[in-house]
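Grab a pencil and have a look at the model below. Try each exercise before you read its solution.

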Amino acid sequence: MPERVIPHGVLPVLPTPFGEDGAPDQAAFLALADFALTSGADGVVYPGMASEVETLTPEERAAMVAALGRHLGGKTPFIVGASDADPARAAARAAEGRAAGAIAAMVMAPPGAGREVARQAAYFRAVAAGVPGMALMLQNAPPPNGAGLSPEEVAAVCAEVPAIRTVKEETLPCGQHVSRILAATGGRLDGVLGGAGARFVLDELARGASGTMPAVEIVDAHVALWRAWGAGNQAEARRIYDATLPLLCFQMVFRVRATKEVLRRRGLLAHTAARAAGPKLDEGDQMEIGQLLATAAPVLPGPPPQGSAAAASMAPSAAPLS
């Protein structure tokens, strides 16, 4: 069994902040990376779906990856997102990440190859051939973004491509699929990480998941949950999960816009502009985020988020939610 490359634990996907001019804001981006690391994250991932990767130009993407690599300086594990329908372009993105210091590349099983193991294996072999020696993470997501492979199909592709060292599993039911991938791969992988915004994290951990790869807005709570679970304190892990799950369910609908608004209310992001398609927050949604943050506040280190009921109770003259 080769030495493990991809760490276990909490590996958040960083968002892409945009400034008032609409361009990616590198300073804000690196501050969010620092937030993840000071919160105890075991590594960071960029770019992914939570990074609005589909909206970035090749030049923007390359600049942000390079800036992250320089900032981390090889001191913290960094996984680069490299998904592309064309294996040559995916390999080029992986190579770009490796040049910046990435230890591995996360690559989505492409929907265009369907659920045919032979086609998926050929795709991943081509990616691996383009970045010899680099570890790959197979990201398995449901259509339309991914191919939605069965656990046994995932295992079969991994068996054909030794460069695949771990899997990020996001098809439902996630917990069952973690169990089946682990059984079918027989311990060959570095691990199987849960995704899906950490909405099923306790079920995944109970079934042997090696960690979770959520968005970053409550990474401190996710680290606390991971550590409680690892210490055998399942009751504390459950307390954190119960307090944060309503917010994560809301985030499932509004995606990066909810992530950025939570980061703003936590004092971690000034501008919440987003390029991604999808619903925008209206006044009622803003009110709801305040209530959900109040529910999560007891397990979020630091001062209560702006606009939450907890913050309002500490500052009676605060303006009403907007």
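Here are three short exercises on this predicted model, each with a worked solution.

**Exercise 1.** Work out what strand S6 pairs with, and in which sense.

*Solution.* Start with S5 (residues 135-140): this strand and S6 run parallel and share five bridges. Leucine 136 sits opposite isoleucine 164 of S6 there. Next, turn to S7 (residues 191-194), which is joined to S6 by four bridges, again parallel. On that side, threonine 166 has glycine 191 in S7 as its bridge partner. Now trace the connections. S5, helix H5 (residues 151-160) and S6 form a right-handed β-α-β unit, and S6, helix H6 (residues 174-185) and S7 form a right-handed one too. Finally, check the cover: six of the six residues in S6 (residues 164-169) are buried.

**Exercise 2.** Explain why cysteine 249 has no bond to cysteine 174.

*Solution.* First, count the disulfides: there are zero. Cysteine 174 is in none, and the nearest cysteine sulfur to its own belongs to cysteine 249, 12 Å away. A disulfide needs the two sulfurs within 2.5 Å, so at 12 Å the sulfur of cysteine 249 is too far from that of cysteine 174 for a bond. Then compare their surroundings: cysteine 174 is buried at 2% relative accessible area, while cysteine 249 is partly exposed at 35%.

**Exercise 3.** Find the largest cavity and describe its lining.

*Solution.* Begin with the count: one cavity reaches 30 Å³ or more. The largest cavity holds about 40 Å³ of space. Its lining includes Gly197, Pro214, Glu217 and His222. Sorted by type, the lining residues come out as four nonpolar, three polar and one charged.

Methods. Residues numbered from 1 in each chain as written. Predicted model: local features only at pLDDT ≥ 70, side-chain atom pairs only at ≥ 80, totals over all residues. Heavy atoms only, no water. 1 Å grid on protein atoms, 1.4 Å probe; cavity = no way out; pocket = protein on both sides within 12 Å on 5 of 7 lines; lining within 4 Å. Points joined across faces, edges and corners; volume = space filled by probe spheres on them. Nonpolar A, V, L, I, M, F, W, Y, C, P; charged D, E, K, R; others polar. Buried < 20%, exposed > 50% of the residue type's maximum accessible area, 1.4 Å probe, protein only. Helix = DSSP H or I, 4+ residues; strand = E, 2+ residues; numbered from the N terminus. Pairing = 2+ DSSP bridges. Right-handed = clockwise from strand over helix to strand, strands pointing away.
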